[in-house]
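Please take a moment with the sequence and the model shown below before reading on. The paragraphs that follow lead from one region to the next.

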Amino acid sequence: MFKDGDIMLGGIFSFHSSWKNRRDSYMDKPLPLQCTSLDFRGFQFAQAMLFAVEEINNSTNLLPGISLGYRIYDSCGSIAKSVRVALAFANGNEVVSQPSEVPCTRPAQVQAIMGETSSSPCMAMATAIGSFHIPMISHFATCACLSDKSKYPSFLRTIPSDYYQSRALAQLVKHFGWTWVGAIRTNDDYGNNGMATFTEMAQQLGICLEYSVSFFRTDPPDKIQKIIDIIKASTSKVIIAFLSHKDLDVILLNLSQHNLTGYQWVGSESWIFDSQIATVDKRHILDGAIGLSIPEAHVSGMREFMLDVRPLNVSSNEMFTTFYETLFSCKFKQSKSSSRNQKECTGREDLTEVQNSFTDMSLMPIFNNVYKGVYAAAHALHFILSCNKTCNAKVQLDPFTVS
C-alpha cells in the first residue's frame, strides 16, 4: 500500500498469518515466500495507521502544511520477509513483490517504521537496521528482550514489556493456589522469553511445572500430536499458555478434535481478550480462561474509517482483490479463483451486512497502540521542523534525530 507525501512513514504488518514450507534444492534460486492464510487483523492494523495519517494530514495544529505519506508491506509473520522489507526501508531500494507494468521510481526511504506485530520479526528487523537508527514503533511486540537498548537502539513500542506480564501471571496462579501446572508456549522469542520469566518467578512462589512444551504453527502434525499426548497423560489441570493467537488457533483445532475439555487455562495478552478465539472455540475448550489484558480504549471515528475498505484498493493490487473476495464471500469475474458456485462481487458490497473478524472491533486497544505510534512520530517531526503556524521545510530530516 502506497501514498505519496512530503514525509514518508513505513508500515509492516502480517496480512497473511503463515507461509508454505518447502524444501529448497539449492540447485536453483529459491522462489519468493508463498504466503497463506489471509489475516484480517493485519488489514485492521493497516487501517488504524491510515486513519492516524489522514487525521494528522487534516490537522491544522500538527505538522501544518506538511503531508505524511506511507508505504506498507505484508510480512506474512515471516522473519526473513520482515528483514527484507526493513532493509528496503533503510536503503531506499524498491521491493518488487509482484511484477508491475509501471515501476515505482521514488525511493522507499522512511523516517519511522510502524510495526511489526510479533517479537521475533521485530528483533530481526531492529538488529538489521539498528545501525541506521530508523525508529521502529511496535504496537504488540512484548518480549522483554526488546528493551535492551545496546542491541536494539531504535526500537520503541506502545505496549508494555512482558517483564511485567510474566511475573503477574505467576502471581495470579499463586493467588488461586494452583501449585501443580502444565505450560505451553509459542516456539519463538515471545513465547520462550515470556515462559522463561514465568517459570523463574513460579519456582520462587512454590509453583511446580509438570511439563513445559513449545510449538510453532508451521510444525508438522506429528509434533503437535506429541503435545496433545503430553497434555492427555498429565495429572495437572491448569495450563499456562504463553501463545500468540496464530499458534493458539492451530493448537485449539487439535485440542477440539480430541475433546480435551475440563482444563483451567491461564493466558497471555496475545489471545486472552481476543473474541475471535472465543468464536472458533466450538467445543468450549477454553471456557473459564483467565489472564491479563491491555486496557480498553476508544478512538473517536476509527471504527467508521476502518469499515470503509475503499482506501485499501490501490491500483492493480492483487492482495486487495483476495481480501475483498474473502471479506464478502464473493468472486470477481476476472478473478483466477472464481467459480460458478460463488456469488459475483459487484464492488459495491456493504460491510454493515457482514459479520466477521474484520468488522469485530474488540481489538481496539491494539488499534489504539498503532494510532499512538503514528502520533508519536508526527509529534517528533513537528518538533524537529520547528512547527508553529508553518513548518520549516528546509530542515534536513534524519531518522537518528527522529528516533
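Which residue in S13 does Val266 stand opposite? In this predicted model, the partner that Val266 faces in S13 is Ile290. The two strands concerned, S12 (residues 264-267) and S13, pair in the parallel sense over 2 bridges. They belong to an open sheet of 5 strands, whose order is S10-S9-S11-S12-S13 and whose pairing is parallel. At the edges of this sheet stand S10 (208-215) and S13 (290-291), and because each of these has a single partner strand, one side of each is left without a neighbour in the sheet.

From the sheet the reader may turn to the nonpolar cores. The largest nonpolar core has 65 residues, and those with the most contacts inside it are Phe13, Met49, Leu63, Met302, Phe323 and Phe367. Two or more residues of this core come from each of the strands S2, S5 (68-74) and S6 and from each of the helices H1 (40-57), H10 (302-306), H11 and H12. A second core, separate from this one, has 22 residues, including Ile184, Phe215, Leu248 and Trp271. To return to Phe367, if its neighbours within four places in sequence are left aside, this residue is in contact with Gln44, Phe45, Ala48, Met302, Met306 and Met361.

Another part of the model to follow is helix H3, residues 119-129, in which 9 of the 11 residues are buried, so that the helix is largely enclosed by the rest of the structure. The buried residues are Ser119, Ser120, Pro121, Cys122, Met123, Ala124, Met125, Ala126 and Ile129. What do these buried residues of H3 pack against? Their surroundings consist of strands S2 (7-13), S6 (112-114), S7 (136-138) and S8, together with helices H2 (79-91) and H5 (189-204). In the loop between S6 and H3 lies Glu116, and the peptide bond that leads from Gly115 to Glu116 is cis, with omega near -10 degrees.

Strand S8, which was named among the partners of H3, spans residues 155-157 and contains Arg157. This arginine is buried yet has no salt bridge, for the nearest side chain of opposite charge, that of Asp162, is 6.7 Å away. Which backbone oxygen does the side chain of Arg157 reach at 2.9 Å? One such atom is the backbone oxygen of Cys143, and the backbone oxygen of Ala141 likewise lies 2.9 Å from a polar atom of the Arg157 side chain. With its neighbours within four places in sequence left aside, Arg157 is in contact with Ser138, Ala141, Thr142, Cys143, Ala144, Leu146 and Ser147.

Finally, two serines deserve a look for their backbone angles. Ser37, found in strand S4 (residues 35-38), has a positive phi of about 60 degrees although it is not a glycine. Ser37 is partly exposed, with a relative accessible area of 43%. Ser329, in turn, is found in the loop between helix H11 (318-328) and helix H12 (364-384), and it has a positive phi of about 50 degrees, again without being a glycine. Is Ser329 buried or partly exposed? With a relative accessibility of 47%, Ser329 counts as partly exposed.

Notes: Residues are numbered from 1 along each chain as its sequence is written. This is a predicted model: local features need pLDDT of at least 70, side-chain atom pairs count only at pLDDT 80 or more; totals for chains, interfaces and linings use all residues. Side-chain values use heavy atoms; hydrogens and water are left out. Helices (H or I, at least four residues) and strands (E, at least two) are DSSP runs, numbered from the N terminus. Buried means under 20% relative accessible area, exposed over 50%, partly exposed in between (1.4 Å probe, protein chains only). Lys and Arg count as positive and Asp and Glu as negative; His and the chain ends are not counted. A salt bridge is a side-chain nitrogen of Lys or Arg within 4 Å of a carboxyl oxygen of Asp or Glu. A polar contact is a pair of N or O atoms within 3.5 Å; within protein, one must be able to donate a hydrogen and the other to accept it, and residues adjacent in sequence count only if both atoms are side-chain atoms. Contact means heavy atoms within 4.5 Å. A nonpolar core is a set of buried Ala, Val, Leu, Ile, Met, Phe, Trp, Tyr and Cys residues joined through side-chain atoms within 4.5 Å. Two strands pair if DSSP finds at least two bridges between them.
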